[in-house]
Amino acid sequence: MATIRDVAKRAGVSPITVSRVINNFDYVSEENRRRVHEAIAELGYVPNTVARSLRSKRTNTLALVLTDVSNPFFTTVARGVEDTASKAGYTVILCNTDESEAEQQKYLDVLIQKQVDGILLVPATSSPESVRFIQKHATPLVILDRRVVGAEADTVLGDSEGGAHELVKLLIELGHQRIACLSGPRGVSTAEDRVAGYRRALTEAGIRVEAKRISYGPFSRRTGYEMTQRAMAVQPRPTALFAGHNFMAIGAMQALREMEMRVPEDVAVVCFDDLPLDFLTVPFFTMAAQPAYEMGKKATELLLARLVDEGPHEPQEIVLPTEIVIRRSSGDPLVNHNVKASVAVEP
């Protein structure tokens, strides 16, 4: 028996477009509408009337549950979600958990009661309980930015390990060997992946990984400040800092200024994720930029596809590449070090 995906493939359109044609939505081009009708006739497709009845009771709302709405990275993710959802006729409810599992569960209780059509979740912890709660209520779900071990769900995230590896590799090429790692909470996949990338870069370069130079804590400016104070107290002190989060990097800069240490002359600093102009400091950060808007867009497209899916298939994991942007904070090659790679610095 033909499915909606079969029709979409034959017509050369998305399953969402087929669903719109079947349900007589207006925002489909005449050409696509014709191709869908032809594919339906050729395949002998019969719409599932029960599923259509259930779909007619939809609220046309999606929920985006974020851990920190004040972070510009998540603001951009939200824009990608909202733009994509709006084009498909959906509105988005935005929730902020402040990295709290308890707050996350409170929001999920309300969202399930309101019968949102689907949920995009940045999980506060690595526990699969919240994912299982959503799935227990048969609400389509896509996990954003982080992995949840043991959860069978679609996931869209950036390449945290790869980005961290490239940033630390850059510092090593500039001559740094004592590099401190300021990471996020233990058990959160983005934090663990960035530490893994840091470790891999050091190991590949033949540099011993020292546990005393790796710190874990909440993704925040205060945490970056406190971690930097501790990192710079370790002797011999580090010549570079890798911050696994943009706000941590701002906290690190504050701590270094108070120690009267200059960036990058005394200490090089690199980090994850860019900041808007209001947050930028001098020197600008060398960083691994994640495609935040694309992440929100891809996750929403995947969720919308699930809403019209008639056949079961395995969950997908989409990993989007990071881009290394080299600016002043990583500095010039260290004196008396043989640096193999030249570094182009963005002004």
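In which loop is proline 264 found? I shall come to that residue shortly, after a word on the model as a whole.

Good morning, colleagues. The structure before you is a predicted model. The protein chain contains 12 helices and 12 strands, and buried residues account for 51% of its 347 residues. Of the contacts between residues at least 6 apart in sequence, 71% join residues at least 24 apart.

To return to the opening question, proline 264 sits in the loop between helix 11 (246-258) and strand 9. The peptide bond leading to proline 264 from valine 263 is cis, with omega near 10 degrees. A cis bond also joins glutamine 235 and proline 236, where omega is about -10 degrees. Proline 236 belongs to the loop between helix 10 (221-233) and strand 8.

Backbone geometry deserves a further remark. Most residues other than glycine have a negative phi, and most peptide bonds are trans. Glutamate 99, although not a glycine, has a positive phi of about 60 degrees. Glutamate 99 lies in the loop between strand 2 (91-96) and helix 6 (101-113), and is partly exposed at a relative accessible area of 26%. Alanine 138 likewise is not a glycine and has a positive phi of about 60 degrees. Its place is the loop between helix 7 (129-136) and strand 4, and with 67% relative accessibility alanine 138 counts as exposed.

Strand 4 (residues 141-144) follows a simple pattern of side chains. Leu141 and Ile143 point one way, Val142 and Leu144 point the other way, and all are buried. Strand 4 runs parallel to strand 3 (residues 118-121), and three bridges join the two. Within this pairing, leucine 120 stands opposite valine 142.

I turn now to an open sheet of six strands, ordered 7-6-8-9-10-12, in which the pairing is mixed. Why is one side of strand 7 (214-216) and of strand 12 (323-325) left without a neighbour in the sheet? Both stand at the edges and each has a single partner strand, so there is no neighbour on one side of each. On average, neighbouring strands of this sheet are turned by 15 degrees against each other, direction ignored.

At one edge, strand 12 pairs with strand 10 (residues 286-289) in the antiparallel sense over three bridges. There, alanine 289 has glutamate 323 as its bridge partner. At the other edge, strand 7 includes serine 215. Is serine 215 buried or exposed? Serine 215 is buried, with a relative accessible area of 13%. Leaving aside residues up to four places away in sequence, serine 215 touches Cys181, Leu182, Ser183 and Met227.

Helix 9 (residues 189-204) lies across strand 6 (179-183), strand 7, strand 8 (240-243) and strand 9 (268-272). Relative to strand 6, helix 9 runs at about 165 degrees.

Finally, the interior space. Rolling a probe the size of a water molecule over the atoms shows where empty space is left. The structure holds one cavity of 30 Å³ or more, and the largest cavity has a volume of about 120 Å³. Its lining comprises 14 residues, of which Phe74, Asp145, Arg146, Phe219 and His245 are the closest to its centre. Helix 5 (72-87) and helix 9 are the elements that give two or more residues to this lining. By class, the lining of the largest cavity has three nonpolar, five polar and six charged residues.

Thank you for your attention.

Notes
Residues numbered from 1 in each chain as written. Predicted model: local features only at pLDDT ≥ 70, side-chain atom pairs only at ≥ 80, totals over all residues. Heavy atoms only, no water. Pairing = 2+ DSSP bridges. Helix = DSSP H or I, 4+ residues; strand = E, 2+ residues; numbered from the N terminus. Axes fitted to C-alpha atoms, helices over the stretch in contact; angles between N-to-C directions. Contact = heavy atoms within 4.5 Å. 1 Å grid on protein atoms, 1.4 Å probe; cavity = no way out; pocket = protein on both sides within 12 Å on 5 of 7 lines; lining within 4 Å. Points joined across faces, edges and corners; volume = space filled by probe spheres on them. Nonpolar A, V, L, I, M, F, W, Y, C, P; charged D, E, K, R; others polar. Buried < 20%, exposed > 50% of the residue type's maximum accessible area, 1.4 Å probe, protein only.
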